[in-house]
Amino acid sequence: MISLSVAAVVFGVVFLAELPDKTALAGLVLGTRYRASYVFAGVAAAFVLHVVLAVAAGSVLTLLPHRLVQAVVGVLFLGGAAVLLLKKDDEGEEEQARTPGGQSFWKVASSGFMLILVAEFGDLTQIMTANLAARYDDPLSVGLGAVLALWAVAALGILGGRTLMRFVPLRLITRIAALLMVGLGAFSLYEAVAGA
């Protein structure tokens, strides 16, 4: 039986912890380039997998080498920033991003899935979910609250990206996202080296 009070507590904690995290940024970037429903499907599936791993493993995830995880995440963010900055601007790119009919569901969904799967592995909210599962000893309620919170943050980021495109050119969004990814990558690498 699912405890709504435990699910609500977990939802609140995970939502607030994830809101300022890289998930919203990743969703925003993907949401500006691809069909929102395709992106959300991939991102949502990755979050389900993360929560299942966190709940199943309990506090075991906290034993992962934090420095290694931060180094990998830092390199991935810097690589993502390089891809964004070095991407050749095509004529009509903004219009193509607004109507991404040429992108297949599986290609877009798998891109969102892989991005979240790698970037969020060992993340604070995954470790927090593992700790909450160990504390409450109610895996279904904790899992439900965590999944709904992560889906809510992803949806806000993806929809925010679509809305933002109406007012801001895609090229500017891409450059800002790349700079933010450079900052996040540098910070992750700093944490890996400093042992924070």
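The following exchange walks through a predicted model of a protein, one question at a time.

Modeller: In this predicted model, local features need pLDDT of at least 70 and side-chain atom pairs count only at pLDDT 80 or more, while totals for chains, interfaces and linings use all residues. Residues are numbered from 1 along each chain as its sequence is written, and side-chain values use heavy atoms, with hydrogens and water left out.

Biologist: How many helices and how many strands are there in the protein?

Modeller: Helices (H or I, at least four residues) and strands (E, at least two) are DSSP runs, numbered from the N terminus. Read along the sequence, the pattern is α-α-α-α-α-α-α-α-α. The count is therefore nine helices and zero strands.

Biologist: Which helix supplies the largest share of the nonpolar patch?

Modeller: A patch of this kind joins nonpolar side chains (Val, Leu, Ile, Met, Phe, Trp, Tyr) within 5 Å, from residues with over 30% relative accessible area and no salt bridge (a side-chain nitrogen of Lys or Arg within 4 Å of a carboxyl oxygen of Asp or Glu). Here Ile2, Leu4, Phe11, Leu140, Leu144 and Leu148 make a patch of about 540 Å², with areas from the Shrake-Rupley method and a 1.4 Å probe. Helix H1 (4-18) and helix H8 (139-165) each supply at least two of its residues. The largest share, three residues, comes from H8.

Biologist: Is serine 141 buried or exposed?

Modeller: Serine 141 lies in helix H8. Buried means under 20% relative accessible area, exposed over 50%, and partly exposed in between (1.4 Å probe, protein chains only). Because its relative accessible area is 0%, serine 141 is buried.

Biologist: Which side chain makes a polar contact with the side chain of serine 141?

Modeller: A polar contact is a pair of N or O atoms within 3.5 Å; within protein, one must be able to donate a hydrogen and the other to accept it, and residues adjacent in sequence count only if both atoms are side-chain atoms. For the side chain of serine 141 such a pair is found at 2.7 Å, and the partner is the side chain of aspartate 138.

Biologist: How many Å apart are the end C-alpha atoms of helix H7?

Modeller: The expected span of a helix is 1.5 Å times one less than its number of residues. Helix H7 (residues 124-136) has 13 residues, so it should span 18 Å. The value in the model agrees, since the end C-alpha atoms of H7 are 18 Å apart.

Conventions: Patch = residues over 30% accessible without salt bridge, like charges linked within 9 Å, V, L, I, M, F, W, Y side chains within 5 Å.
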